[in-house]
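Pull up the two chains and let's walk through them together. We'll take each chain in turn, stopping at the spots worth a closer look.

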Amino acid sequence: MNFPILSSLILLPTIGALFLLFSKDKNSNTAKYVALFTSFINFLISIYLWYLFDPSTSSFQFIEDRIWLEGFVNYKVGIDGISILFIVLTTFITPLCIISVNNTVKVRLRHFLIAILIMESLMIGVFCSLDLVVFYLFFEAGLIPMFLIIGIWGGTRRVYSAFKFFLYTLVGSVLMLVAIISIYWIAGTTDIIQLYELSLDIKYQNLLWLAFFSSFAVKTPMWPFHTWLPDAHVEAPTAGSVLLAAILLKMAGYGFIRFSLGLFPVASELFTPLIYILSLIAILYASLVALMQEDMKKLIAYSSVAHMGFVTLGIFTITQQGIEGSIIQMISHGLVSAALFLCVGVVYDRMHSRLINTYGGIVSVMPKYSILFMLFTLAALGLPGTSGFIGEFLVLMGAFKDNFLVAVIASLGVILGAAYMLWLYRRVVFGNLVNKDLLKIPDLDNSEKFILWSLAIPVLFLGFYPEPLINTIEVSVKDLIEMYNFNLNMYSQEVKK
Amino acid sequence: MINLNFISAEIFISVSIMFLLILGVFKKNSSSLIHNLSIGLLLITGILILNNYPDKSLTFFANSYIIDTLSSLMKIFTVIGGALVLSISKKYLKISNIFLIEYPILILCSILGMMVMISSNDLIVFYIGLELQSLALYVLASFNRDQLKSSESGLKYFVLSALSSGLLLYGCSLIYGFSESTNFNIIGNALKSTHYGLTFGIVFILVGLAFKISAVPFHMWAPDVYEGSPTSVTLFFATVPKVAALTVFIRFLYVPFINMIDQWQPIIIFLSIASMIFGAIAAIGQNNLKRLVAYSSIGHIGYTLAGLSVATNEGIQASIIYISIYMVMNLGLFSCLFMMKRNDQFFETIEDLSGLSKNHPILSLSFLVILFSLAGIPPLAGFFAKFYIFKSVIEQSMYFLAIVGLLSTVIAAFYYLKIIKVIYFDKEKEKYDTDHSTWLKVSLAISTLLILLYFIFPSKIVEIVSSVTII
């Protein structure tokens, strides 16, 4: 029990990265195997952690508490039912990213792998930190490797995109830093467990909530702070897009659940209409914009905005179904968007074009690819039997419970989602094979098959049997909502007095 | 009988200066010897200060000279800073043909001046220290006298600095006139009444001091002087005198002027905000790295002033931590600049860094770490420096200052990113030389590692600095 399993999860990829840093450049294959090996071991550890995890309690487990900034901040990590899933998602996606670099990254492979591994460390750190300052540290530090991944290995407008990504996120985050330090002076601690028990003074909550919101809204991204995302996605190399879509965006959703709901219940209740409106706009607007895209990556990026709209909507319904749905939607979106970006990467590597009208009729040259692409398309639009369905369904159920009108409008988004995904699929895969260059391209090779199938299996499995996920999060979500309502009642009684 | 142990460092360094001057006169071609000797002597001075590290404050010479934890700590910073500057700039001086005996001796003189400044508890002693320091710095700025820019920067620095010294003196005379003493403690007790004359005196003194640390709007000299001076002197300007001037700032605000806090607090806050914003915005358009460092140092001084404005011990400690981390970052940054050399010619514009990461991966990695740290991105040391500052600022509920400060870090991040972009994203150019001196490599490695690994042991420096209490 005393073995620091979470710290080793955080540290292991960094150790792998250090090893790569000091190795020779000559054989890039060795570097890849080292990176793959480290991240795979990390995946196994996280699975073992999930196995050890006790889902019957909502209190934090595997807690490590070390003095860090003396008398001020402790290095404190631990997990509950919500964070464990994101950790497993992170460790699952990273090895796949590393396998996928085969075809996409041609220059400075070793450095790319170092960046990916450090990124993995930081992302795991975000999901298991139990102190606001530690959380901020991991949350912000992720900017450095991502900036380099987009900037060095990106496409033609990479510099613009990298800067936009970095500065947008930084602006949001510095306000959160002000809020974190303020919390320290108001409550005397930044330890999340203690803060949960303390419940912050009502008069500060609104401003603090807004400061946290500014950071998470940019990262989610919510409309109207989403404009960095399409740029970053389009220019990032495939592996970068995958990390960005599958995990980085989830940090914000996770942050909303952990901090906005947990620490500022009164403010969350107050700002719920704001979140509803922004989420609905995100769902509808991003879906409509996605319909008009010529660029495949951009289309999927906008679909991410729409899907994250469902996530924020679900979180702020504050119902068991809504929050569970949001978490499952995030996990599912992590798998599906990763797969879709990889699918785009597959054809991009062959044709060097992301424009939809380059393609058409590739079902006749790449049948295996077309099957998998169809599976993920259907999962993205939320067909029953895929993980996407469970998430959206639960979110909408929660929304119906809370506000009928919001739920109806959000349901429109599901229809729009089907429209743009199916249209994308039709234009790329079906139709006449006009472009003669397409005739020469080969179907999936073994590594691509391996990556896509390993994403397809959990998507299908969770679609039919979401029990493992729901089991893990159920108690944590229930207690979160109970605590939320308890605090809310307490405040309303105080107001009455 | 005065116990001279505590001022043995000052005595030792004065004697060393005279000894080195005589040695330089009588022994031909002794530049190298004197250079190395000065480094050694500075280190011995550091040991002397450390040996006599006081546990309470002591005053000497009729209360005009003070030795306390603040002064000793800051003296150690200046001495170590001076020694490092000398040790990493040796090769640069040789190549630039300014490897003369006067150079290390002038640096020693200015360090002596700074030590007097740091320990002063009296307006006159303070002024003597300040002038000794400044005179040496004027000469250093124009040390490369064959170059037009260097002479120009020396002259510019001299004229503007003389003006600010004049203001400072005028302020001193006003203070003396209204409080009837030049001693800080006596002034502090006398300044309980708010008289307009005293307020004017404080303003003049603050203006003079703001000039010395190049806070906006008294920063005009900095970019030109930084650009024109030899790089090694720029490094010295950017680090060591800042430490000394900051100490004097602390001493002035919290000993003689402590009762006038309502008068000076808005001034400091204004200086701080103006410096942070101006430093961030003006640096964006710069192409010369030395000029850019000048603007970035203006911005960084803004953060240190933010720590001073809060009037708590934590604020002062945060400022000291900030300036020490800033010193390490600058040492690293300039070590990188010294390495940008091809066929005995140094390069100093941003374009010259283009694609550095392809040919010099380790050097670029250090650059990357240092620049991100300057921008204040976690988990690097620069983040913690800012973190402590804003922690103390927010403790006093000065949210406006905190938010403006943090937003200006975002603007500042832009120009640091621009350099990183050139290093990492652009096409490579010719290789630079790799025959650097061991000292240079070691200093770059140590400063990079300190910045990178700071987060593992963040409490050490806080522990050291927490002994400094002045209020």
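Chain A, in this predicted model, is built from 19 helices and two strands. Its radius of gyration comes out at 22 Å, close to the 23 Å that the globule rule gives for 497 residues, so chain A is as compact as a globular protein of that length. If you lay its C-alpha trace along the principal axes, chain A spans about 75 × 55 × 40 Å.

What do the strands of chain A do? Strand β1 (residues 61-69) and strand β2 (residues 73-79) of chain A pair in the antiparallel sense, with six bridges between them. To find your way along the pair, start at A:Arg66, whose bridge partner in β2(A) is A:Tyr75. Together β1(A) and β2(A) make a hairpin with three residues between them. Look in the turn for A:Gly71, which has a positive phi of about 65°.

Next comes an annotated stretch. UniProt, in an unreviewed entry, lists residues 129-414 of chain A as "domain: NADH:quinone oxidoreductase/Mrp antiporter transmembrane". In the model, that span is 80% helix and 0% strand, and its end C-alpha atoms sit 34 Å apart.

Now for some backbone oddities. Most residues other than glycine have a negative phi, and most peptide bonds are trans. Chain A gives you an exception of each kind. The peptide bond joining A:Thr220 and A:Pro221 is cis, with omega at about -10°. You'll find A:Pro221 in the loop between α9 (202-219) and α10 (228-235) of chain A. Further along, A:Ile318 has a phi near 50°, a positive value in a residue other than glycine. A:Ile318 is also in a loop, the one between α13 (296-315) and α14 (320-351) of chain A.

Where does chain A touch its partner? The contact brings 25 residues of chain A together with 24 residues of chain B. On the chain A side, the elements that give two or more residues are β1, α5 (132-141), α6 (143-153) and α7 (158-187). The largest share is from α7(A), with 13 residues. Sorted by class, the side of chain A that touches chain B has 20 nonpolar, two polar and three charged residues.

Over to chain B, which has 19 helices and four strands. The radius of gyration of chain B is 21 Å, close to the 23 Å from the globule rule for 471 residues, so chain B is as compact as a globular protein of that length. Its C-alpha trace spans about 65 × 60 × 40 Å along the principal axes.

One helix pair here makes a good stop. Two packed helices are described by the angle between their axes and the distance between the axes. Helix α13 (residues 313-339) and helix α15 (residues 361-375) of chain B pack at an angle of about 145°, and their axes are 10 Å apart. The crossing of α13(B) past α15(B) is left-handed. From α13(B), B:Met329, B:Gly332, B:Leu333, B:Cys336 and B:Met339 take part. They meet a set in α15(B) that includes B:Leu363, B:Phe367, B:Ile370 and B:Leu374. The residues of this contact divide into eight nonpolar, three polar and no charged.

Just beyond, look at the loop between α15 and α16 (381-395) of chain B, where B:Pro379 lies. A cis peptide bond joins B:Pro378 to B:Pro379, with omega at about 0°.

Methods
Residues numbered from 1 in each chain as written. Chains lettered and ligands numbered in written order. Predicted model: local features only at pLDDT ≥ 70, side-chain atom pairs only at ≥ 80, totals over all residues. Axes fitted to C-alpha atoms, helices over the stretch in contact; angles between N-to-C directions. Left-handed = near helix turned anticlockwise from the far one by under 90°. Contact = placed C-beta atoms within 7 Å. Nonpolar A, V, L, I, M, F, W, Y, C, P; charged D, E, K, R; others polar. Pairing = 2+ DSSP bridges. UniProt positions renumbered as here; feature names shortened; annotations may be inferred. Rg over C-alpha atoms; globule rule 2.2 N^0.38 Å.
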